[in-house]
Amino acid sequence: MPEETTTIDYVMEAASGPHFSGLRLDGLLSSPPSASSSSPASAASNRADPNATKQPFVIGVSGGTASGKTTVCDMIIQQLHDHRVVLVNQDSFYRGLTPEESERVHEYNFDHPDAFDTEQLLECVQKLKCGQSVQVPIYDFKIHRRSSDTFRQVNASDVIILEGILVFHDQRVRNLMNMKIFVDTDADVRLARRIRRDTVERGRDINSVLEMYAKFVKPAFDDFVHPSKKYADVIIPRGGDNHVAIDLIVQHIQTKLGQHDLCKIYPNMYVIQSTFQIRGMHTLIRDREISKHDFVFYSDRLIRLVVEHGLGHLPFTEKQVVTPTASVYTGVDFCKKLCGVSIVRR
Ligand SMILES: Nc1ncnc2c1ncn2[C@@H]1O[C@H](COP(=O)(O)OP(=O)(O)O)[C@@H](O)[C@H]1O
Ligand SMILES: O=c1ccn([C@@H]2O[C@H](COP(=O)(O)O)[C@@H](O)[C@H]2O)c(=O)[nH]1
């Protein structure tokens, strides 16, 4: 067999092995919804079960307007960069106004549950949960309408984050969630942020923002959003400023995703910490359009990283050397009689 093919086989094998960004979690992501997810029984069910079907971990993030939901989601996504994570905004499922409603937009309540097409949202999350791709509508806050011909394609993932003011309102949507987070930020802070955001990004004037807030946003918060806080598993005070809460949440998600379980099953396994550079190279070598030259180049770089990390785990002994300036440096030397074995699978 030509050497090149051997390299390719080896890399593909390595990429689907125990590397974070190529991690295959089949059978590890089948935890039931949060009602029981913290029980010992569900902890047991999170261990590798080869017969279990892989299901994404669904996180609901709710809270009042401008509480920092999107910011918290972005922070979680950044920390979960070793996994495939998608964000679905409830805002995308605003029904959009008819021409008649548009004429009297100041009378329209965007904060009432009926403003959303919850059936469509439900169908979308159900499909994603089953591993199917979906087309999510694109909503324009300036014209209060969906784009008629463009959609955002959202692919199957390890983690689905569903974010919005009323994502805990409908029991059927709540039931799809493995974890529910409520972002709890003071009303005055939220109003200040909302004024700034709506005037800068959503083309509104201050008076209309204040009027809308008093007429619809605040009453709907009191009637629907705040009461749904009781369904949350975790409440984050101060939103994105609360780094401790976000770190704890990410740790919990990672545990549920099974990384730690893998290390429990193979106690001597070392998982290389992924970086965007490593993930980028994994993306390149998986791209069917990549040239042969680039495939070999990036594969070799990835293999070299594995070898270098491996070398760091080999036994060593202390060794002293004398530097050109005649000082003594105490370092290490690899133990003698080491033998490296490269295993190439076909
Ligand atoms: N911790 C924070 N400190 C300062 N500004 C923030 C903070 N969190 C969010 N913002 C700002 O407030 C506005 C609303 O935040 P966002 O995360 O979009 O809230 P939500 O998704 O709940 O509406 C945005 O303009 C954002 O930049
Ligand atoms: O056309 C629209 C639709 C909705 N809104 C307001 O948006 C917020 C929800 O978005 P957040 O990002 O969670 O703040 C909701 O309070 C609606 O009042 C809008 O202004 N225009």
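How many nonpolar, polar and charged residues does the shell around ligand 1 have?

1. By class, that shell has 1 nonpolar, 8 polar and 4 charged residues. This is a predicted model, so read each point below as a description of a prediction.

2. Start with the ligand. Ligand 1 is surrounded by 13 residues. The closest are Gly68, Lys69, Thr70, Thr71 and Arg193. Helix 4 (69-79) and helix 8 (187-200) each give at least two residues to the shell. Helix 4 has the largest share, with 3 residues.

3. Now the open sheet. It has 5 strands, in the order 2-5-1-6-7, and the pairing is parallel. Strand 2 (85-89) and strand 7 (234-237) stand at the edges. Each has a single partner strand, so one side of each lacks a neighbour in the sheet. From one strand to the next, the twist averages 20°.

4. Look at one edge in detail. Strand 6 (residues 179-184) pairs with strand 7 in the parallel sense, over 4 bridges. Aspartate 184 has proline 237 of strand 7 as its bridge partner.

5. Helices pack on this sheet. Helix 6 (residues 118-129) touches strand 1 (57-63), strand 2 and strand 5 (159-163). Its direction makes about 165° with that of strand 5. Helix 10 (residues 243-257) lies across strand 1, strand 5, strand 6 and strand 7. Helix 10 runs at about 160° to strand 1.

6. Last, a hairpin. Strand 3 (residues 134-140) and strand 4 (residues 145-154) pair in the antiparallel sense over 6 bridges. Glutamine 135 has glutamine 153 in strand 4 as its bridge partner. There are 4 residues between the strands, and histidine 144 takes a positive phi near 55° in this hairpin.

Note on methods:
Residues are numbered from 1 along each chain as its sequence is written. Chains are lettered from A and ligands numbered from 1 in the order in which they are written. This is a predicted model: local features need pLDDT of at least 70, side-chain atom pairs count only at pLDDT 80 or more; totals for chains, interfaces and linings use all residues. Two strands pair if DSSP finds at least two bridges between them. A residue is near a molecule or strand if its C-beta atom, placed from the backbone, lies within 6 Å of it. Ala, Val, Leu, Ile, Met, Phe, Trp, Tyr, Cys and Pro count as nonpolar, Asp, Glu, Lys and Arg as charged, and the others, Gly among them, as polar. Axes are lines fitted to C-alpha atoms, for helices over the stretch in contact, and angles run from 0 to 180 degrees between N-to-C directions. Two residues are in contact if their C-beta atoms, placed from the backbone, lie within 7 Å.
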